[in-house]
Structures are given as structure tokens and as C-alpha cells.
Amino acid sequence: AGVDLTKYHGGDLQVSRKKARAREALALATKYYQACLVRNKDVCEYVFYKRNMNKKTVETFRIGYAPSSGRALVDFLTKRGFTKKEMEDAGLLNRFGGDLFKGRMTIPLMDIGGRVIGFTARILTNDKNSPKYLNTPETILYNKGRHIFGLSQAKDAIRRSEFVVVV
């Protein structure tokens with residue numbers, strides 16, 4: 001049919017490398033955000049008391065916090081050898097090259113295998129000039145139309161019950 005399938009079967013080494021680096025950046029960002037959450041008393045109060053989440057939920061969904069400085073993640077990933085282009089490919093940068101999710105509670109979006117492919121993030125303040133929620137833009141890993149939030153956490157229960165309702 002004339003359709004080039006090489007990029008879907010590992011045939012394009014350059015695309016495979018880009019995807020691997022994006023996955024690495026997202027995995028490291030997730031750990032960084034988790035560490036930032038537990039280090040910030042105000043954010044912990046917001047997550048555990050105002051949002052009424054328990055420790056198990058926070059761990060299962062790998063919830064974190066993106067510092068409000070605007071460059072914290074960029075600096076962190078740069079020190080670990082990531083380029084701005086790699087961060088951009090992963091969907092971590094805003095249009096000015098800074099942290100996309102700054103000052104927000106972060107929730108990783110995961111593929112069926114539990115690998116982070118992006119984030120959704122909620123602002124912690126009542127800032128009327130900023131959107132309440134931000135999501136990762138379409139990237140080489142994340143496509144909104146092909147992703148079901150929480151499926152990686154629910155798949156075993158779905159398998160056991162042999163039943164699922166998707167709304």
C-alpha cells in the first residue's frame with residue numbers, strides 16, 4: 001500500500017533514539033517531581049489534606065510537584081546531560097524554554113506498560129491568569145487520542161474481573 005512502517009518497528013534508528021531519550025527524561029522528571037513533593041511542606045499539605053489523597057495513591061500514581069522557579073527541571077536535566085531539544089521532544093518545556101509545569105502538582109501519564117509518556121498538572125494557587133490544568137502537548141511518545149489515563153494501574157484488575165467500563 002506504500003505505507004512506510006519502519007518508524008513503528010524500530011527501523012528508523014534516529015526516531016528510536018529520540019523516543020528512548022524522551023522516555024529517560026520523563027522518567028527522571030517523574031522522580032525529580034516526586035522528590036520535590038516530599039520536600040515541600042505546603043505542597044504535602046495541599047496533596048494530602050486539601051486534595052485528600054493518601055500515601056498509597058500518591059505512590060501508585062507517582063504524583064509529584066514541579067517547583068515554581070521556572071527553570072528547576074531544566075537545570076536538573078541539563079546537569080544530567082539532556083539537551084533542550086530532548087526536553088522539548090519529551091514535552092517538558094514551555095514556549096520560552098522553561099519548565100512547562102512550574103508551580104503545579106504533577107501526575108504522570110503512563111502507557112500500558114507503566115512508562116511515563118507525559119504529564120497532567122494542576123496549579124496549586126488561585127491564579128486567574130494561568131490555566132487550572134496543563135497537559136503535555138502531542139509528542140513523539142504522547143498522543144491524547146491513544147491514551148487512557150490510569151489504564152496501566154487498572155489493567156490487572158480488568159484482567160481479573162474480565163470486565164471494564166470506559167467513559
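# Exercises on helix α2 and three loops

The axes of α1 and α2 come within 6 Å and cross at roughly 95°. Axes are lines fitted to C-alpha atoms, for helices over the stretch in contact, and angles run from 0 to 180 degrees between N-to-C directions. Helices (H or I, at least four residues) and strands (E, at least two) are DSSP runs, numbered from the N terminus.

This is a predicted model: local features need pLDDT of at least 70, side-chain atom pairs count only at pLDDT 80 or more, and totals for chains, interfaces and linings use all residues. Residues are numbered from 1 along each chain as its sequence is written, and side-chain values use heavy atoms, with hydrogens and water left out.

## Exercise 1: the helix pair

Classify the angle between α1 and α2, then list the residues that make the contact.

**Solution.**
1. Two packed helices are described by the angle between their axes and the distance between the axes.
2. Here the crossing angle is roughly 95°. The helices are therefore roughly perpendicular to each other. The classes are: under 35 degrees roughly parallel, over 145 roughly antiparallel, 65 to 115 roughly perpendicular, the rest oblique.
3. From α1 come L37, V38 and R39; from α2 come K41, V43, C44 and V47. Contact means heavy atoms within 4.5 Å.
4. Sort these residues: five are nonpolar, none polar and two charged. Ala, Val, Leu, Ile, Met, Phe, Trp, Tyr, Cys and Pro count as nonpolar, Asp, Glu, Lys and Arg as charged, and the others, Gly among them, as polar.

## Exercise 2: the faces and ends of α2

Which residues of α2 are buried, and which are exposed on the other side?

**Solution.**
1. Helix α2 spans residues 41-50, and its buried residues are V43, C44, Y46 and V47. Buried means under 20% relative accessible area, exposed over 50%, partly exposed in between (1.4 Å probe, protein chains only).
2. Look down the axis of α2. The buried residues fall within an arc of 160°, so they line one face of the helix. The arc is that of the directions from the helix axis to the C-beta atoms.
3. Recall the geometry: an α-helix has 3.6 residues a turn, so residues three or four places apart point the same way.
4. K41, D42, Y49 and K50 are exposed on the other side of α2.
5. The cover over the buried residues includes α1 (13-39), α3 (55-60), β1 (64-66), β2 (104-110) and β3 (116-123).
6. Check the ends. N40 caps the N-terminal end, with a side-chain oxygen 3.1 Å from the backbone nitrogen of D42. After α2 comes N52, whose phi is positive, near 55°.

## Exercise 3: buried loop residues

Find what the side chains of T139 and D111 reach, and what Y142 contacts.

**Solution.**
1. T139 lies in the loop between β4 (133-135) and α6 (151-161). T139 is buried, at 18% relative accessible area.
2. A polar atom of the T139 side chain lies 2.9 Å from the backbone nitrogen of Y142. A polar contact is a pair of N or O atoms within 3.5 Å; within protein, one must be able to donate a hydrogen and the other to accept it, and residues adjacent in sequence count only if both atoms are side-chain atoms.
3. Y142 lies in the loop between β4 and α6. Y142 is buried, at 6% relative accessibility.
4. Leaving aside neighbours within four places in sequence, Y142 contacts L109, I117, T136, P137 and H147.
5. D111 sits in the loop between β2 and β3. D111 is buried too, at 15%. A polar atom of its side chain lies 3.0 Å from the backbone nitrogen of G113.
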